[in-house]
Amino acid sequence: MAAPLLFNPQTYDPQGFDAETGRLLRATVDWFEARGKRRLIEDYRTRAWLADFLAFSAKEGLFATFLTPASAAGDNPDKRWDTARIAALNEIFGFYGLDYWYAWQVTVLGLGPVWQSDNAEARTRAAQLLDQGEVFAFGLSEKSHGADIYNTDMLLTPAADGGFRATGSKYYIGNGNAAGLVSVFGRRTDVEGPDGYVFFAADSRHDAYHLVKNVVDSSKYVSEFRLEDYPVTAADVLHTGRAAFDAALNTVNVGKFNLCTASIGICEHAMYEAVTHATNRILYGRPVTAFPHVRRELTDAYVRLVGMKLFSDRAVDYFRTAGPDDRRYLLFNPMTKMKVTTEGEKVIDLMWDVIAAKGFEKDNYFAQAAVEIRGLPKLEGTVHVNLALILKFMKNHLLDPAPYEAVPTRLDAADDDFLFRQGPARGLGDIRFHDWRPAFDAFASLPNVARLREQADALCEFVTTAAPDKEQSKDLDLLLSVGQLFALVVHGQLILEQAKLKGLDEDVLDELFAVLVRDFSAHAVELYGKDSATEAQQEWALAAVRRPAVDEERLSRVWQQVEALSGTYEMAP
């Protein structure tokens, strides 16, 4: 049965982790459950700052334990940067509210330039601040430039003491109201070009640090701040020149992975509410779930959510196995950010169609889930930015596989230190991947897996015979449709790899792939309709359309798993 795949606080047992990790994950769940649903929702509605949550984290050493790499941990064996347990905590935070996850997420981003730095003093200071329960911030984006790191108006002027004076504004900076350390990106006024970039550490409590406002209407304190003649000493400088540029991109590589598991947590909590409501709602003398379209929507939502979890869990393994000669994570990372988070939107929309007005009620978690799920595809780079990024990998992934040793499930208590020594953020087109076909071959007996495999093979033919030419490659609108098709192949591949490792119920897997076959067909039709699509591309697109294999008995068995979720979790009042 696939039901245990969903996180349920009442039965949650973080198996596979070491004792201290398990204790902290369970303690976090228990803290939220003890607060109760009413307090959770009321804090969300009143935009309360997360002081009690941060006090809990400080008391337990939660952020310090999970976000201090082993190299800065001293003699504490429990501190490490472990992507598997970070993913588990993301899911828990998402389950209870994105505000809590956001304070944690921007702390991750703020720490990225520090842990990549050779500045021992700054690293020691960061570890001490974590031990004190402080949060961090990532001062990259600006009101005029967004997160365009080629342009910054944060200017560092050389000072007589050998340091600098920083002046400029940053915009949309989480935790900027309370961060003990803000990693700020700027440029020197006396050096032209990339050599002038600087990443430096600032303190939000300094007199030259001016908090302007919270730019969003929520508990997430997404700040605008301004530095006025802020003193920057050698002890504050984290990176200079091209290394500062790379630190910005590599930090986002680390941080944007967290969005997928937050999205999963949101969907799981919302699903318990939606299924429980639907199975107990009587309409026209019949349970709502007696209607075929309701069963279809809830089943589609369920299998999409299972797919989100399978893909994300498997992507963790590639993150943790990464190294200078294995950079496959640089494809799977934007996939988790782009594909998994947009799947989350679909899951919420499907359930919302069923529960309708119930989804607006102020006493439900669902009302905030429906709002918060929209934010994740738009953070750490838009869907379009990440789709364009994954296209860089398409030809090598589909057509030119390389031999790799099989990657195991990685729940071991290891420090993922490579994430802070990723090196220059370039050379993406040279990255090679293992063959995607064996993952499909392992489940070739499932009719919908076989049909998506046919579509994947057709995409290989497209890349060989009908790929966009040089002129078409300037048409991002067309390219993004191609990116969606490629994303479905990668999505299916990692789902299948994880399904084999987990021994997933094949009914659930085949029903999920029925959904993915429909998605591929829809994107092929979209490509067919693009203004610049050539005649050959139009013909290919229509030929790639497939109808999923329908099996009413399989659908009924999967529906029973969905229906069994009713009443299995309700947050304490």
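This report describes selected helices, aromatic pairs, salt bridges and buried polar residues of a predicted model.

Residues are numbered from 1 along each chain as its sequence is written, and side-chain values use heavy atoms, with hydrogens and water left out. Because the model is predicted, local features need pLDDT of at least 70 and side-chain atom pairs count only at pLDDT 80 or more, whereas totals for chains, interfaces and linings use all residues.

**Helix H17**

Helices are DSSP runs (H or I, at least four residues) and strands are likewise DSSP runs (E, at least two), numbered from the N terminus. Helix H17 covers residues 476-502, and its end C-alpha atoms are 38 Å apart, in agreement with the 39 Å that its 27 residues should span at 1.5 Å a residue. That expected span is 1.5 Å times one less than the number of residues. A residue is called buried under 20% relative accessible area, exposed over 50% and partly exposed in between, with a 1.4 Å probe and protein chains only. Because 22 of the 27 residues of H17 are buried, the helix is largely enclosed by the rest of the structure.

At the start of H17, the backbone nitrogen of Asp477 has a side-chain oxygen of Asp475 within 3.1 Å. After the helix comes Gly503, with a positive phi near 65°.

**Salt bridges**

A salt bridge is a side-chain nitrogen of Lys or Arg within 4 Å of a carboxyl oxygen of Asp or Glu. By this rule the count comes to 57 salt bridges. Three of them are tabulated below.

| Pair | Closest N to O distance |
|---|---|
| Arg242 and Asp246 | 3.3 Å |
| Glu497 and Arg314 | 2.8 Å |
| Arg546 and Glu454 | 2.7 Å |

Arg242 and Asp246 both belong to helix H8 (residues 242-255), where they are four residues apart, about one turn of the helix. Arg242 counts as partly exposed at 36% relative accessibility, while Asp246 counts as buried at 9%.

The salt bridge between Glu497 and Arg314 involves two helices. Glu497 lies in helix H17 and Arg314 in helix H10, so the pair ties together parts that are 183 residues apart in sequence. Glu497 is buried at 11% relative accessibility, and Arg314 is buried at 5%.

The salt bridge of Arg546 with Glu454 also links distant parts of the chain. Arg546 sits in the loop between helix H19 (535-543) and helix H20 (552-563), and Glu454 in helix H16 (residues 447-465), 92 residues apart. Arg546 is partly exposed, with a relative accessible area of 27%, and Glu454 is partly exposed, with 38%. Elsewhere, salt bridges that share partners join Asp18, Arg80, Asp82, Arg320, Arg410, Asp412 and Asp416 into one network.

**A buried arginine without a salt bridge**

Arg327 lies in the loop between helix H10 (292-320) and helix H11 (329-355). Arg327 is buried yet has no salt bridge, the nearest side chain of opposite charge being that of Asp430, 7.1 Å away. For charge, Lys and Arg count as positive and Asp and Glu as negative, whereas His and the chain ends are not counted. Contact means heavy atoms within 4.5 Å. Leaving aside residues up to four places away in sequence, Arg327 touches Pro424, Arg426, Gly427, Leu428 and Ile431.

**Aromatic pairs**

Rings of Phe, Tyr and Trp (its six-membered ring) pair if their centres lie within 6.5 Å; planes under 30 degrees apart count as stacked, over 60 as edge-to-face and the rest as tilted. By this rule the count comes to 37 aromatic pairs. The rings of Phe53 and Phe93 have centres 5.4 Å apart and planes at 90°, so this pair is edge-to-face. The pair links distant parts of the chain, with Phe53 in helix H3 (residues 51-60) and Phe93 in helix H5 (residues 83-96), 40 residues apart. Phe53 is buried at 0% relative accessibility, and Phe93 is buried with a relative accessible area of 0%.

Phe393 and Phe433 also form an edge-to-face pair, at 5.8 Å centre to centre and 90° between the planes. Both Phe393 and Phe433 are buried.

**Asn253**

Asn253 is found in helix H8 and counts as buried at 13% relative accessibility. Not counting residues up to four places away in sequence, Asn253 touches Phe319, Leu330, Asn333 and Gln422. With Gln422, the side chain of Asn253 makes a side-chain polar contact at 3.2 Å. A polar contact is a pair of N or O atoms within 3.5 Å; within protein, one must be able to donate a hydrogen and the other to accept it, and residues adjacent in sequence count only if both atoms are side-chain atoms.
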